[in-house]
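Welcome! Here is a short guided tour to read alongside the sequence and the 3D view. Please have both open as you go.

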Amino acid sequence: MQPSSIDKYRTYSDETLLQLISRKDLLAYEALYDRHAQTVHNLLKRIVHDSATAEELLQETFWQVWQKAEQYAEKGAVAAWLNRIARNKALDQLRHDKARPRMADDDIGMLEQSPTYSYEGAEKVVEQRLQQQQVNQALDNIPGEQRLCLELAYFEGMSQSQIAEYTSTPLGTIKTRMRIGMEKLERLLRASGYPE
Amino acid sequence: MPEKQTPYDHDPDNQDQNHNPSNHSLSYEDVVELLPVFVLGALEPDEMLAVDSYISQHQGLIERLAQLEATTAQLAYAAPPLPLPGHVKTQLMQRVQADLVAQQPAALNLPAVFPPRRKIAASPSVVVPPTAPPRKPQTHWFSTVTRTLIGVGVAAAMFLLVFRMIQLRGLANQLATQLASTQQQLTTLQAQNSQLHTINQTLEQQLQDQNTQMAALKTNLNTLAYASQMIELKGTDAAPTANGVFYVANHAGVLMVHDLPPLPKNQTYQFWLIPAEGAPLPAGLIHVTESKMGSLMVNIPDQNGNFAKVGLSIEPSGGSPAPTGSIVLIS
């Protein structure tokens, strides 16, 4: 058999990799992990605020991909699907651990820290760095109170009424801030080329 | 009900405190307004159910929902970058490989280790010689007794012989069955061994690839980490949305470009160091992926260290000694 190089797999689209994974292709699985694990791990750590839990959930997220790759519905980007699985797992974990740690003040709006990257190709590092820049620039251009609502909902899993209580703000105001904040974020990301 | 376009022109200051769609049937406008919060999962549970139900009956909202979900997914990239622990991947790959190996026997339809032994044929198959019809009484009782004894002896010997033959035939069948089963198992085990050997080769290849990539990445990251200069590149009219950054550290640099369209096979992007005076110096060819991004490690010899500008142009495949095509990025 011809030795398979993972480099070939790195050129495949996410959708192709998922099709191969549904046929239990190990190299395809590894390529997908290498492509998305960094972002998924960042997201998990941001939500659960605990390294060990984030690592466990990272493994569980990709284990679900291995077992249920054929369930990907092809209705959106694979990255979005992966992030949704990870976020749901992390928020379930938060709800399970009832003693949920409050978000540290310096987490709000925290942007880049000194990043350390895995051993993936430099191209991947570049892509992530640019994507992070684009999203953070878009968030920077949203008024702080709207951005806070989006981050509390997305990263902390809070409902509108919980955000209203947490920020001591009327519910109606929170609803307006969230809707307008999301619409602004959408316009800004589209203007910068995301989401594709 | 005819569906309307999304109302993006709402008054930003409108704070409708009484807006509570969960207690009554939702209108199209209600749902469109709730969608941005719905995709964040931040509505109350009854509202989530009501919106979900409404969407399932109004296919026209699916596209809008997908747009907002794509936007929401981008929020994942706002999470601060952190070191990715390598042991998670190691554990995960081990888990996946174990799963793969565990699925092999089922896929190969392996037989049971040994089939149940057949019972040796029992006496029902033994033919019992028919009983001789009663004879008339003989005058010579001695010879009659002798013949009877001889007959019984012969019958017993034949019975034992037949019984032994049946017994041996059963044993032979049993051994043949076991031999066939063992041969089948041997074949299966050889196939499994071959597969494991292949997996092992693949893993060794992956390890080699990773080591090579790690070495290259270390070089790139060192350059990024110790960059003393950061030069921004902007898109020209040939690629107005493109941009890039060139990080310089001592005699090396890393170029990162974004939003450049991939080129046909007969063309390539070529990077140039442009001195204050004189011709641009070729500094490498950069591959742009389908995601319109690319990176390039550049060695900067001493004599090229004092470049005034950098740029990127489209050249024939293999590159050119001097720029010939459109300049797409320039500092």
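## Polar contacts between the chains

In this predicted model, 17 residue pairs, both members at pLDDT 80 or more, make polar contacts between chain B and chain A. Which parts of chain B face chain A? At least two residues each come from α1 (28-39), α3 (62-74), α4 (86-108), α5 (141-225), β3 (252-258) and β6 (293-299) of chain B. The largest share belongs to α4(B), which supplies 12 residues of the side that touches chain A. Sorted by class, that side of chain B has 34 nonpolar, 26 polar and nine charged residues.

Charged groups also meet across the boundary, where the count is four salt bridges between chain B and chain A. You can look up one of them by its residues: the side chain of B:K89 pairs with that of A:E30, with 2.9 Å from N to O.

## How much the two chains share

Now step back to the whole interface. On the chain B side, 69 residues are in contact with chain A, and they touch 84 residues there. Together the two chains bury about 7,500 Å², and carbon and sulfur atoms account for 63% of that area. Within chain B, the residues that lose the most area to chain A are B:Y77, B:P81 and B:L84, which together give 11% of what that side buries.

## Chain A: helices throughout

What elements is chain A built from? The count is nine helices and zero strands, so the order from the N terminus on reads α-α-α-α-α-α-α-α-α. Chain A has 196 residues, and 56% of them count as buried. The surface that chain A exposes is about 8,300 Å², with 46% supplied by carbon and sulfur atoms. Looking at contacts inside chain A between residues at least 6 apart in sequence, 63% join residues at least 24 apart.

One residue to pick out here is A:H49. This residue sits in the loop between α3 (26-48) and α4 (51-68) of chain A. Its phi is near 60°, a positive value in a residue other than glycine. Is A:H49 buried, partly exposed or exposed? Its relative accessibility is 25%, so A:H49 counts as partly exposed.

## Chain B: helices, then strands

Chain B combines five helices and eight strands. Follow the chain from its N terminus and you meet the elements in the order α-α-α-α-α-β-β-β-β-β-β-β-β. Of the 331 residues in chain B, 34% are buried. Its accessible surface comes to about 20,200 Å², and 59% of this belongs to carbon and sulfur atoms. As for contacts in chain B between residues at least 6 apart in sequence, 62% link residues at least 24 apart.

## Three residues to find in chain B

Start with B:I314, which has its place in strand β7 of chain B. Because its relative accessibility is 18%, B:I314 counts as buried. Leaving out residues up to four places away in sequence, B:I314 touches B:L263, B:Q267, B:T268, B:Y269, B:G325, B:S326 and B:V328. Another pairing to trace is B:I314 with B:Q270: these residues are 44 apart along the chain, and their C-alpha atoms are separated by 6.3 Å.

The next stop is B:S320, in the loop between β7 (307-316) and β8 (327-330) of chain B. Is B:S320 buried or exposed? With a relative accessible area of 9%, B:S320 is buried. Apart from neighbours within four places in sequence, B:S320 is in contact with B:Q270, B:W272, B:P282 and B:E315.

Last comes B:K292, found in the loop between β5 (281-286) and β6 of chain B. Although B:K292 is not a glycine, its phi is positive, at about 65°. Its relative accessibility is 36%, so B:K292 counts as partly exposed.

Technical notes:
Residues numbered from 1 in each chain as written. Chains lettered and ligands numbered in written order. Predicted model: local features only at pLDDT ≥ 70, side-chain atom pairs only at ≥ 80, totals over all residues. Heavy atoms only, no water. Contact = heavy atoms within 4.5 Å. Buried area = accessible area lost by both parts, 1.4 Å probe. Polar contact = N/O pair within 3.5 Å; in protein donor to acceptor, adjacent residues only side chain to side chain. Helix = DSSP H or I, 4+ residues; strand = E, 2+ residues; numbered from the N terminus. Nonpolar A, V, L, I, M, F, W, Y, C, P; charged D, E, K, R; others polar. Buried < 20%, exposed > 50% of the residue type's maximum accessible area, 1.4 Å probe, protein only. Areas by Shrake-Rupley, 256 points an atom, 1.4 Å probe, with all protein chains shown as cover.
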